[in-house]
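Please open the model in your viewer and keep a selection panel at hand, since each stop below begins with something to select.

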Amino acid sequence: MPLFTGVGVALVTLFREDGALDAPATADLAAQLVDLGVRCVLVAGTTGEAATLTADERDALVGAVRAALPAEVPVLAGTGAPTGRQAAELTERACAAGADAVLVLSPPGVPDPRPYYEAVAKAATGPLLAYHFPGASAPGIPVGLLPDLPVSGLKDSSGDAGRLLHERDVFTGDLYTGATGLVGLCGAIGAAGALVAAANVAPELCVAAWGGDAEAQVRLAAVDRGASADFPAGYKRATAERFGTSGVTRVGG
């Protein structure tokens, strides 16, 4: 069984006006999104400004979000790091804090990430998903290596439709897109789901696009163009407009 099917959210992390973590408010937002159709919540991902969070803040965030959601909605924690040792430690902590699974960004400057994922797999007590996002950590994961990784799934945020189809052909694990423009395609080819930042702002459109609504996909892409232009602040502002949440960001602060 996949970790989840349908739409998951790459959750923004909410901060108070002084920049302090607001874990309760973040958990409340997650619960609202679940009520609107989201089926998995990713915390401490790229959209969640993970690089700005301390280890204790990550723990608090995972614990608060897990406590706020129904048991059947998995909490996925981002635990990628420059080295396998660091990623393994973050993975151990995330699992201990209540994460149901981990999403691990491939390491920067590493053309063969197999040893890295093998190190992380030893620390994971739940499902381990690899994360291909060369825009954040190049070069990413070669498609040909996917079958050799000790992972149960993959999130691909490259936005490359051809690569997504290639992955669907050769990778037997759970496949998720992180690209808002490919939500509908991912649903059409029978992939497991989508894990997108746009679900912070327009979860209903994400769900409709996943279900094959072409008009919803077009509208969703427009939402994403506006919110992603100033990442992650644009998503924070759009989420604040929709849900009245804090727009404070740590990135660049």
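The tour goes from a strand to two polar side chains and then to a ring pair.

The model is predicted, so that local features need pLDDT of at least 70 and side-chain atom pairs count only at pLDDT 80 or more, while totals for chains, interfaces and linings use all residues. Residues are numbered from 1 along each chain as its sequence is written, and side-chain values use heavy atoms, with hydrogens and water left out.

Select strand β8, residues 193–196; helices (H or I, at least four residues) and strands (E, at least two) are DSSP runs, numbered from the N terminus. Both faces of β8 are covered, with G193 and L195 buried on one side and A194 and V196 buried on the other, where buried means under 20% relative accessible area, exposed over 50% and partly exposed in between (1.4 Å probe, protein chains only). Now add strand β1 (residues 6–10), which runs parallel to β8 and is joined to it by 4 bridges; two strands pair if DSSP finds at least two bridges between them. In this pairing, G6 stands opposite G193. Strand β7 (residues 174–177) also pairs with β8 in the parallel sense, over 2 bridges, and here Y176 is the bridge partner of G193. Between β7 and β8 the chain passes through helix α6 (residues 183–188) in a right-handed β-α-β crossover, meaning that, with the strands pointing away from the viewer, the path from the first strand over the helix to the second runs clockwise.

Next, select Q217 in helix α8 (residues 214–228). Q217 has a relative accessible area of 13% and is therefore buried. Show its contacts (heavy atoms within 4.5 Å): leaving out residues up to four places away in sequence, Q217 touches T180, G181, L182, V183, G184 and A209. The side chain of Q217 also reaches the backbone nitrogen of V183 at 3.4 Å.

Move to E57, found in helix α2 (residues 55–68). With a relative accessible area of 15%, E57 is buried, and a polar atom of its side chain lies 2.9 Å from the backbone nitrogen of T54. Beyond four places in sequence, E57 touches L21, T52 and R250.

Finally, select F231 and Y235. Their ring centres are 5.9 Å apart and their planes at 90°, so the pair is edge-to-face; rings of Phe, Tyr and Trp (its six-membered ring) pair if their centres lie within 6.5 Å, with planes under 30 degrees apart counted as stacked, over 60 as edge-to-face and the rest as tilted. F231 is partly exposed at 39% relative accessible area, whereas Y235 is buried at 5%.

Terms used: A polar contact is a pair of N or O atoms within 3.5 Å; within protein, one must be able to donate a hydrogen and the other to accept it, and residues adjacent in sequence count only if both atoms are side-chain atoms.
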